[in-house]
Amino acid sequence: MRVLFKNKVVLGSVLCLTASVSWGAMFPVAHRALQYIDPFYFAFIRYLLVTVILSGLLLFKEGKAAFRLEGKGGKLLFCGTMAFTVYNFLVFSGQHLMGEAGTITASIMEVLMPLISILLLWGKTKKKPDTKTLISIGIALTGALLVITNGSLSFFTEASRHVFPVLLIFTGVVGWVLYSLGGSSFRGWSTLRFSTLTCLLGTAVSMVIVAAASSLQLIEVPDWNTLASIKYEMSFMVLLPGLVALVSWNAGLKALTPVNGILFISLVPVTTFVLMGFQGYRISPYELAGATLVILALVQNNMSQRRSLSPRYTLNLKTTKSSF
């Protein structure tokens, strides 16, 4: 029995590690691709391919009946739009506008997702989180501010140039949180079915936006040479952060339980920092200190919840349960 438990823990740890590292590597990989292709097309093409693969898997595993909306089309459309249009369009656009600094900022925002979900639930239920949770949120926001400003007051004097891309990234992250919170309405559905149908509808919305923006010449349509130049980056984005991370994270949380698995999300910025270091980016002490504060805040909140058996302000772990 102990051997089985130990194997389950090891397997769960490997799966959660795989997902977190994939998400951490996503932003440095996207940074290179965005030098050649518009962020809207990058996000759209990525999830168009993911949609095709997910649809094939759902058809094979659950059959045609799984594609029925069952009167939940409106909720599915909202969730899909939040995740696969709002999140992807805004996060990658903000990251691109900020350059290399945007890569770190986007990564840090991912770690804030569980804490953002607490704030959204606070606004919805009007029930104030406990003091320890509020302290954790304060620490995390302080750390995020250090990363975003890189410890320079010039950020505030040049707010018009910096604030807009930061708001894009933050709004995109909130979109993913809303998508994840909305998943609670589909508890009788498999993860594969919910992911596929929301991806289908969200990608359809993205297609309309991209087509309209292209016809108005607001964004540039990539040619075959452009697509060929990012084939490796796109393959990575589709297969690892898009598919493998989804399956690995959900299976890992089942093996470890969410309260244990959630700690692996702290590895997202660590992976991002390591890869950016290899790409030649010099991480400043402020960025490193800020990332450390965010990670410590997540760990602190997690430890606090382990000690408190009250479910009232348990992290909505579904916020990090889905594929990025």
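## Why these helices and this pocket are described as they are

Author: In this predicted model, helices α2 and α9 run roughly antiparallel to each other, because their angle falls in the range over 145 degrees.

Reader: Nice to start there. What angle do α2 and α9 make, and how far apart are their axes?

Author: The two helices pack at about 150°, and their axes lie 8 Å apart. Roughly antiparallel is the word for angles over 145 degrees, so α2 and α9 earn that description. The crossing of α2 past α9 is left-handed. Sorted by class, the residues of this contact are 15 nonpolar, seven polar and three charged.

Reader: What makes α3 oblique to α9?

Author: Happy to go through that one. Helix α3 covers residues 73-98 and helix α9 covers residues 191-215. They pack at an angle of about 60°, with 7 Å between their axes. Roughly parallel needs an angle under 35 degrees, and roughly perpendicular begins at 65. An angle of about 60° fits neither, so α3 is oblique to α9.

Reader: Which hand does the crossing of α3 past α9 have, and which residues of α3 make the contact?

Author: This crossing is right-handed. From α3 the contact uses G73, L76, L77, C79, G80, T81, F84, T85 and F89. On the α9 side, the residues include F194, L197, L201, V205, I209 and V210. By class, the contact has 12 nonpolar residues, nine polar and no charged.

Reader: How do you know that α4 is roughly antiparallel to α6?

Author: The angle tells us. Helix α4 (residues 100-111) and helix α6 (residues 131-149) pack at about 170°, with axes 9 Å apart. That value is over 145, so the pair counts as roughly antiparallel. I104, T105, I108 and M109 of α4 meet A144, V147 and I148 of α6. Six residues of this contact are nonpolar, one is polar and no residue is charged.

Reader: Let me turn to the loops. What makes the phi of E70 worth a remark?

Author: Most residues other than glycine have a negative phi. E70 is not a glycine, yet its phi is positive, near 55°. This residue sits in the loop between α2 and α3. Q217 is another residue with a positive phi, about 60°, although it is not a glycine. The loop between α9 and α10 (224-229) holds Q217.

Reader: And the largest pocket: what is its volume, and which residues lie nearest its centre?

Author: Its volume is about 360 Å³. There are 13 lining residues, and K61, T191, L192, V247 and N250 lie nearest the centre.

Reader: Which helices each supply at least two residues of that lining, and which gives the most?

Author: α2 (39-62), α9 and α11 (231-256) each supply at least two. The most comes from α11, with six residues.

Reader: How does the lining of the largest pocket divide by class?

Author: Seven of the lining residues are nonpolar, three are polar and three are charged. Lysine counts as charged and leucine as nonpolar, so K61 and L192, both among the residues nearest the centre, belong to those two classes.

Methods
Residues numbered from 1 in each chain as written. Predicted model: local features only at pLDDT ≥ 70, side-chain atom pairs only at ≥ 80, totals over all residues. Heavy atoms only, no water. Axes fitted to C-alpha atoms, helices over the stretch in contact; angles between N-to-C directions. Helix = DSSP H or I, 4+ residues; strand = E, 2+ residues; numbered from the N terminus. Parallel < 35°, antiparallel > 145°, perpendicular 65-115°, else oblique. Left-handed = near helix turned anticlockwise from the far one by under 90°. Contact = heavy atoms within 4.5 Å. 1 Å grid on protein atoms, 1.4 Å probe; cavity = no way out; pocket = protein on both sides within 12 Å on 5 of 7 lines; lining within 4 Å. Points joined across faces, edges and corners; volume = space filled by probe spheres on them.
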